[in-house]
Amino acid sequence: MFPKLKCSNCLILILGSIIQAFGIYNIHALSNVTEGGALGLTLLLRHWFHISPAVSSLVLNLACYALGWKTLGKSFIAYSLLSICTYSASYGFLEQFPPLWPQIAFHPFIAAVAGALFIGIGAGLCVRAGGATAGDDALAMSFSHLFRWPIERIYLISDLAVLLLSLSYIPLRRIVWSLLTVILSGQIIGLIQKIYPEKK
């Protein structure tokens with residue numbers, strides 16, 4: 001039976017997914033400042049083991065969503081499907097237009113901070129409403145639920161692990177900006193959990 005979804009949560013998920021798509025398209029895709037997590041891991045597997053991200057991202061995300069379904073229930077999957085579809089549709093729509101700030105590619109510090117704001121707020125809203133646009137969001141939600149750890153700590157641990165491994169093939173100068181954005185975005189996600197308390 002399909003779970004009953006709250007209208008308010010659906011609206012929050014839609015807003016969060018649009019914010020994430022906007023940030024990825026207008027900032028991360030231009031600046032080469034990226035997030036850690038599943039995205040970074042797929043690139044690492046491609047470099048060292050020649051596994052296509054088309055394959056590795058599917059396997060990694062399915063595994064994370066399976067853990068999320070087992071830990072967080074059917075509603076999590078339903079909310080995540082809404083989030084994923086909204087993100088994809090929003091990104092596809094944005095691709096029809098030129099980026100708003102193409103010059104941001106020459107300012108990695110600004111890109112790291114601005115990207116963290118969009119990803120942190122967007123992912124924070126989605127996670128808080130009970131869904132996830134990416135497998136690493138599902139993993140963070142599941143671990144936070146299982147171990148009662150702050151979600152920002154889980155994001156930081158997973159992102160740092162991937163970025164440290166990525167030093168094996170990415171120059172340190174490029175990793176530094178990505179490190180800044182993952183630390184900031186993880187903290188913003190954690191802040192959103194605190195200022196928007198869960199209703200019992």
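A residue counts as buried when its relative accessible area is under 20%. By that cut-off, 43% of the 200 residues of this protein are buried. The model is a predicted one, so a word on confidence comes before the details. The average pLDDT is 85, and 94% of the residues score at least 70. Among the elements, helix H5 (residues 108–129) comes out highest with a mean of 91, while helix H2 (residues 37–49) sits lowest at 80. Where pLDDT is low, the predicted coordinates shouldn't be read in detail.

Now for the overall build. The protein has eight helices and zero strands, so the order from the N terminus simply reads α-α-α-α-α-α-α-α. Its radius of gyration is 16 Å, close to the 16 Å that the globule rule gives for 200 residues, so the protein is as compact as a globular protein of that length. Along the principal axes, the C-alpha trace spans about 45 × 35 × 30 Å. Contacts also reach a long way along the chain: of those with a separation of 6 or more, 80% join residues 24 or more positions apart. On the outside, the accessible surface comes to about 11000 Å², and carbon and sulfur atoms make up 73% of it.

What about the inside? In soluble globular proteins, nonpolar side chains tend to be buried together. Here, the largest nonpolar core has 13 residues, and those with the most contacts inside it are Phe-76, Ala-132, Ala-138, Met-141, Ile-151 and Tyr-155. Helices H3, H5, H6 and H7 each give two or more residues to this core. A second, separate core holds eight residues, including Cys-10, Ile-12, Tyr-79 and Leu-125.

Ile-151 is a handy residue to follow from the main core. Setting aside neighbours within four places in sequence, Ile-151 is in contact with Val-127, Ala-140, Met-141, Ser-144, Ile-189, Gly-190 and Gln-193. The last of these, Gln-193, lies in helix H8 (residues 172–195). With neighbours up to four places away left out again, Gln-193 touches Gly-124, Val-127, Arg-128 and Ile-151. There is a polar link here too: a polar atom of the Gln-193 side chain lies 3.3 Å from the backbone oxygen of Gly-124.

Helix H8 is also home to Ile-175. Ile-175 has a relative accessible area of 7%, and because the cut-off for buried is under 20%, this residue counts as buried. Not counting residues up to four places away in sequence, Ile-175 touches Leu-163, Ser-166, Leu-167 and Ile-170. His-145 is another story: it is 30 residues from Ile-175 along the chain, and their C-alpha atoms are separated by 30 Å.

Finally, two backbone oddities turn up in loops. Most residues other than glycine have a negative phi. His-50, though not a glycine, has a positive phi of about 55°. This residue is in the loop between H2 and helix H3 (53–72), and at 70% relative accessibility His-50 counts as exposed, because the cut-off for that is over 50%. Arg-148 isn't a glycine either, yet has a positive phi of about 60°. Its place is in the loop between helix H6 (135–147) and helix H7 (151–166). With a relative accessible area of 65%, Arg-148 is exposed as well.

Definitions and conventions
Residues numbered from 1 in each chain as written. Heavy atoms only, no water. Helix = DSSP H or I, 4+ residues; strand = E, 2+ residues; numbered from the N terminus. Polar contact = N/O pair within 3.5 Å; in protein donor to acceptor, adjacent residues only side chain to side chain. Contact = heavy atoms within 4.5 Å. pLDDT = per-residue confidence, 0-100. Buried < 20%, exposed > 50% of the residue type's maximum accessible area, 1.4 Å probe, protein only. Rg over C-alpha atoms; globule rule 2.2 N^0.38 Å. Areas by Shrake-Rupley, 256 points an atom, 1.4 Å probe, with all protein chains shown as cover. Core = buried A, V, L, I, M, F, W, Y, C linked by side-chain atoms within 4.5 Å.
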